[in-house]
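Here is a short report on one protein model. Please read it with the sequence and the 3D view side by side.

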Amino acid sequence: MTTSLVTGCAGVIGSHLVERLLSRGDQVIGIDCFTDYYPREIKERNLTGARTNARFKLIEGDILAIQDFPGVDYVFHLAAQAGVRKSWGVNFGVYTRNNIDASQRLLEFYKDSRIKRFVYASSSSVYGNAPLPFNEEARPKPYSPYGVTKLAAENLCHLYHQNYGLPAVSLRYFTVYGPRQRPDMAIHKFVQAALNGDPIVVFGDGTQTRDFTYVSDAVDAAILASGSGADGAVFNIGSASPLTVNHLTALIGEALGRRIEIRYEGKQTGDVGHTRSDISKAGQNLGWEPAHDIRNGITKFVEWFGQNAARAAGN
Ligand SMILES: NC(=O)c1ccc[n+]([C@@H]2O[C@H](COP(=O)([O-])OP(=O)(O)OC[C@H]3O[C@@H](n4cnc5c(N)ncnc54)[C@H](O)[C@@H]3O)[C@@H](O)[C@H]2O)c1
């Protein structure tokens, strides 16, 4: 039986990936230490489905405190301290620890193993304000401390591939949304505010554009990358169809069937002007393309939010 390790298994993308791997028949070992970036209760709910499956095993622990990792066929490394805005100041140490040091620990452990693939969840944040569309050949120049740590870990994956032949592939995810989306992220916050009858807070004037990735498309990409021979490579995973934040709020209003009030506030440090992916490389090499556009993705998110509203309101 194929065995897969998913770090950050209680998080948004990790929990969806665990379910997908279980549904294809893998034995799945998840690692998560339930950091307090958002409530444990939410992460526990993310794992509800997985926990009913006898082929799922959770190792609750911090990657940096684990001495012996399990022998597996595939490693999907998603554990990280996410979030651009909190990555400044005293918090930076949390980012270097969970994003760089923890990645190095895993790479060091698996460098001499016979794993078939090490898939790393990188981020579009590595691009900063690069020319559009963001292309993998562009020189990454992060605009936030978070982006710096994601790029450092991506570089570590690359150098363990070069020096030890570790079959590592990095996926640069563009803003991931859909069911379970983190409560600190825009679509989640916007829908919650609108349903509470509060104004949606937009940082900047709303003309900034963002490229969004639906969570099951992000999971598809991880599965395809694990089966590819694209060792050492980096791929953009996005929609290639960005929209302005103002347009996004209008789509949310449409999906909710209500008028949205917006309150504009100052631009946040680390927020880039625009993101837009060039996804041709993932298409050609992984056979991946997004199955969701933002309109149907938001409809699905709103449906999920409605079914989970009472619980989500406790966020
Ligand atoms: N969600 C997005 O829009 C997005 C975009 C680009 C990249 N990514 C990357 O994808 C990955 C998953 O993102 P997400 O939104 O699901 O995040 P998330 O915060 O929901 O999940 C990350 C999980 O990692 C765990 N974790 C953190 N440090 C750990 C450590 N040292 N040991 C064990 N567990 C640890 C946390 O407890 C959390 O459950 C991250 O690497 C993130 O940087 C996400």
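Is Lys 267 buried, exposed or partly exposed? Lys 267 is partly exposed, because 13 other C-beta atoms lie within 10 Å, and the partly exposed class falls between the limits of 12 or fewer for exposed and 20 or more for buried. All of this comes from a predicted model.

**Lys 267 and its surroundings**

Lys 267 lies in the loop that links S13 to helix H9 (280-286). Neighbours within four places in sequence aside, Lys 267 is in contact with Phe 203 and Gly 204. Gly 206 is 61 residues away along the chain, yet the C-alpha atoms of Gly 206 and Lys 267 are separated by 9.6 Å.

Phe 203 also belongs to strand S8 (residues 200-203). The covered face of S8 holds Ile 200 and Val 202. The uncovered face holds Val 201 and Phe 203. In a regular strand, side chains alternate between the two faces of the sheet. S8 pairs with strand S13 (residues 262-265) in the parallel sense, over four bridges. Ile 200 has Ile 262 as its bridge partner in S13.

**The seven-stranded sheet**

An open sheet is built from seven strands, in the order S3-S2-S1-S4-S5-S6-S11, with parallel pairing. Strand S3 (56-60) and S11 are the edge strands, each pairing on one side only. From one strand to the next, the twist averages 20°.

At the S11 end, strand S6 (residues 168-173) pairs with S11 in the parallel sense over four bridges. Ser 170 has Val 234 as its bridge partner in S11. H5 packs on the sheet and touches S5, S6 and S11. The direction of H5 makes about 155° with that of S5.

**The shell around the ligand**

The ligand has 30 residues around it. Those that come nearest are Gly 8, Gly 11, Val 12, Ala 80 and Tyr 173. Helix H1 (12-23), S2, helix H4 (92-110) and S5 each give two or more residues to this shell. H1 provides the largest share, three residues. By type, the shell divides into 17 nonpolar, eight polar and five charged residues.

**H1 against H7**

H1 also packs against another helix. The axes of H1 and helix H7 (residues 215-227) come within 9 Å and cross at roughly 60°. The crossing is right-handed. On the H1 side, the contact uses Val 12, Ile 13, His 16, Leu 17 and Arg 20. On the H7 side, Val 215, Ser 216, Ala 218, Val 219, Ala 222 and Ile 223 take part. The contact residues divide into eight nonpolar, two polar and one charged. Val 12 thus appears twice: in this contact and among the residues nearest the ligand.

**Arg 182**

Val 12 has a further partner. Leaving aside neighbours within four places in sequence, Arg 182 is in contact with Val 12, Tyr 38, Ala 82 and His 188. Where does Arg 182 sit? Arg 182 is in the loop between strand S7 (176-177) and helix H6 (186-196). Why does Arg 182 count as partly exposed? Because 19 other C-beta atoms lie within 10 Å of Arg 182, whereas a buried residue needs 20 or more. Asp 68 is far along the chain and in space: 114 residues in sequence and 30 Å from Arg 182, C-alpha to C-alpha.

**Backbone points to check**

Two non-glycine residues have positive phi, Phe 34 and Ala 240. The table lists both.

| Residue | Phi | Loop | Other C-beta atoms within 10 Å |
|---|---|---|---|
| Phe 34 | near 50° | between strand S2 (27-32) and helix H2 (40-46) | 18 |
| Ala 240 | near 65° | between strand S11 (234-237) and strand S12 (243-244) | 18 |

Phe 34 is partly exposed. Ala 240 is partly exposed too.

Which residues does a cis peptide bond join? The bond links Leu 132 and Pro 133, with omega about -10°. Pro 133 falls in the loop between strand S5 (117-123) and helix H5 (145-164). Both of those elements figure in the sheet packing, where H5 touches S5.

Key
Residues are numbered from 1 along each chain as its sequence is written. This is a predicted model: local features need pLDDT of at least 70, side-chain atom pairs count only at pLDDT 80 or more; totals for chains, interfaces and linings use all residues. Two strands pair if DSSP finds at least two bridges between them. A residue is near a molecule or strand if its C-beta atom, placed from the backbone, lies within 6 Å of it. Ala, Val, Leu, Ile, Met, Phe, Trp, Tyr, Cys and Pro count as nonpolar, Asp, Glu, Lys and Arg as charged, and the others, Gly among them, as polar. Axes are lines fitted to C-alpha atoms, for helices over the stretch in contact, and angles run from 0 to 180 degrees between N-to-C directions. A crossing is left-handed if the near helix is turned anticlockwise from the far one by less than a right angle, and right-handed if clockwise. Two residues are in contact if their C-beta atoms, placed from the backbone, lie within 7 Å.
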